Amino acid sequence: MNVRNRPELAWPLGRRAAAVTAQAALAVAAVAVLIFWAGLIAGSWGGGYWVFDCAAGAAVCALALARRLAPAWTAAGGLAVAAVAVLVAAWAGLPNEPGPAMALGLSVLVGSAVRTLPVRAACAVAAGGLAVAAASVPGAHNGATVGLNVAWWLAALGVGGGLRLLAARRLSAADRVRHDERRRLARELHDVAAHHLTGIVLQAQAARLLARRGSGPLEESLEDIEDAGTGALAALRRVVGLLRDAGDDVPGPAGRLTDLVGGFDGPPVTLRVPGEAESWPPEVNSTVYRIVQESLTNVARHAARAVTVEVTVTGRDGAVVVEVADDAPPAPPSRSRGGYGLLGMRERVEALDGTLRAGPRPEGGWTVHATLPLAGPPGGRR
């Protein structure tokens with residue numbers, strides 16, 4: 001498992017800022033430990049014995065700061081530097097390695113590897129960290145340093161393994177949302193097929209009557225059947241396209257948006273829907289309903305202080321545009337509304353070759369904006 005290959009789980013802005021803060025804190029801590037340990041070595045060993053420890057520790061900490069660029073290579077590089085430092089210190093009679101700064105950098109590298117790398121690579125890095133900590137025991141001048149290395153290694157395993165488990169649970173929850181959305185779409189297949197195929201049957205019956213009587217525009221009727229069949233195939237292809245890997249309620253058409261808004265237990269909602277919505281394809285209408293339904297659910301959960309909510313559905317330039325906006329005051333980053341509900345909406349919208357955007361508004365509040373193309377020949381819009 002590599003969580004970096006799942007763009008839908010990318011960190012929101014608040015967590016990115018926290019990651020930058022953590023990097024800065026790591027850099028400050030590394031510099032402080034290097035200076036502190038160099039002072040202790042100079043005071044007890046004298047001379048320039050502190051230089052080698054500072055250089056090796058700074059190299060490993062620099063690799064730890066760059067770990068996000070290449071987790072596997074930075075971890076391997078940090079372990080290699082530490083192994084060489086242990087051998088050189090034992091051969092030259094220098095202070096025991098890894099020192100505290102190097103142990104800090106190694107713990108970050110090992111923890112990051114355990115959290116993000118594939119299982120085999122993560123286990124290899126963890127074993128390498130233990131080997132480096134154990135290699136410092138035979139020539140140790142200070143038992144506290146050995147204990148510190150082992151403690152840092154155990155902490156790296158605990159933190160990295162815990163974060164890996166949380167990421168796995170997050171992936172599982174996201175996949176479950178996608179699966180549930182596909183199940184709903186599978187149940188809609190019957191409605192979409194019935195809508196289009198009923199029109200085809202009626203056109204075929206009319207063509208048979210015209211053929212028996214020998215009068216009427218038979219060719220035009222056959223053209224209507226062809227258009228209706230082509231539209232049915234296009235509609236089914238768009239819905240089935242979402243079910244590529246394999247009792248939910250079926251969302252209603254856009255005409256039921258009034259009932260949805262009327263039953264909403266939250267801030268007052270202003271609804272604008274054009275009259276031509278009933279002529280849109282059923283797969284578009286059901287997606288419009290789902291977008292509004294999920295957006296209002298998010299408002300109820302995360303925007304309790306909103307005064308009003310505006311739901312606007314328009315048809316222009318061969319597409320349906322849906323926008324749901326509230327005026328709630330800004331929420332803390334930890335309460336961002338970028339949850340799993342957006343995954344289901346995005347899954348539907350992209351299946352129809354549409355686009356979906358969701359995020360805070362400059363003037364305050366939150367908005368969900370979706371564009372759904374009215375693709376397909378006229379026969380697909382009966």
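Start at the hairpin: select strands S4 and S5, which have five residues between them. In the turn, click on Gly-364, whose phi is positive at about 110 degrees. Keep in mind as you go that this is a predicted model.

Now widen the selection to residues 355-360 for S4 and 366-373 for S5. The two strands run antiparallel, and six bridges join them. For one of the pairings, pick Pro-360 and look across to S5, where Trp-366 is its bridge partner.

Stay with S5 for a moment, since it leads inside. Leu-372 is among the residues with the most contacts in the largest nonpolar core, a set of 33 residues. Show Val-288, Ile-291, Val-292, Leu-296, Val-320 and Val-322 as sticks too; they are the others on that list. To see who builds this core, colour helix H8 (257-262), helix H9 (282-302), strand S2 (309-316), strand S3 (319-326), helix H10 (341-351) and S5: each of these gives two or more residues to it. H9 supplies the largest share, with seven residues.

Next, centre the view on Val-292. Which residues is Val-292 in contact with, leaving aside its neighbours within four places in sequence? Select Leu-257, Leu-260, Val-311, Val-322 and Val-324, and you have them.

There's also a second, separate core, this one of 23 residues. Ala-85, Ala-122, Val-132 and Ala-156 are included in it.

Use Ala-85 as your way into helix H3, where Ala-85 is one of the buried residues. Select 71-92 to get the whole helix: 22 residues, reaching 31 Å from first C-alpha to last, close to the 32 Å expected at 1.5 Å a residue. Then highlight the full buried set: Pro-71, Thr-74, Ala-75, Gly-78, Leu-79, Ala-82, Ala-85, Val-86 and Ala-89. Why do they sit on the same side of H3? Because they cover an arc of only 135 degrees around the axis. Bring in helix H2 (50-65), helix H4 (100-116) and helix H5 (119-135) to see what these buried residues pack against.

Spin H3 round to the face turned away from its buried side, and you'll find the exposed residues Trp-73, Leu-87 and Trp-91. Just after the helix comes Gly-93, with a positive phi near 70 degrees.

Finally, zoom out to the whole protein. You're looking at 10 helices and five strands. Of its 382 residues, 42% count as buried. Switch on the surface: the accessible area comes to about 19500 Å², and 62% of that belongs to carbon and sulfur atoms.

Conventions. Residues are numbered from 1 along each chain as its sequence is written. This is a predicted model: local features need pLDDT of at least 70, side-chain atom pairs count only at pLDDT 80 or more; totals for chains, interfaces and linings use all residues. Side-chain values use heavy atoms; hydrogens and water are left out. Helices (H or I, at least four residues) and strands (E, at least two) are DSSP runs, numbered from the N terminus. The expected span of a helix is 1.5 Å times one less than its number of residues. Buried means under 20% relative accessible area, exposed over 50%, partly exposed in between (1.4 Å probe, protein chains only). The arc is that of the directions from the helix axis to the C-beta atoms. Contact means heavy atoms within 4.5 Å. Two strands pair if DSSP finds at least two bridges between them. A nonpolar core is a set of buried Ala, Val, Leu, Ile, Met, Phe, Trp, Tyr and Cys residues joined through side-chain atoms within 4.5 Å. Accessible areas come from the Shrake-Rupley method with a 1.4 Å probe; for residues, only the protein chains shown count as cover.
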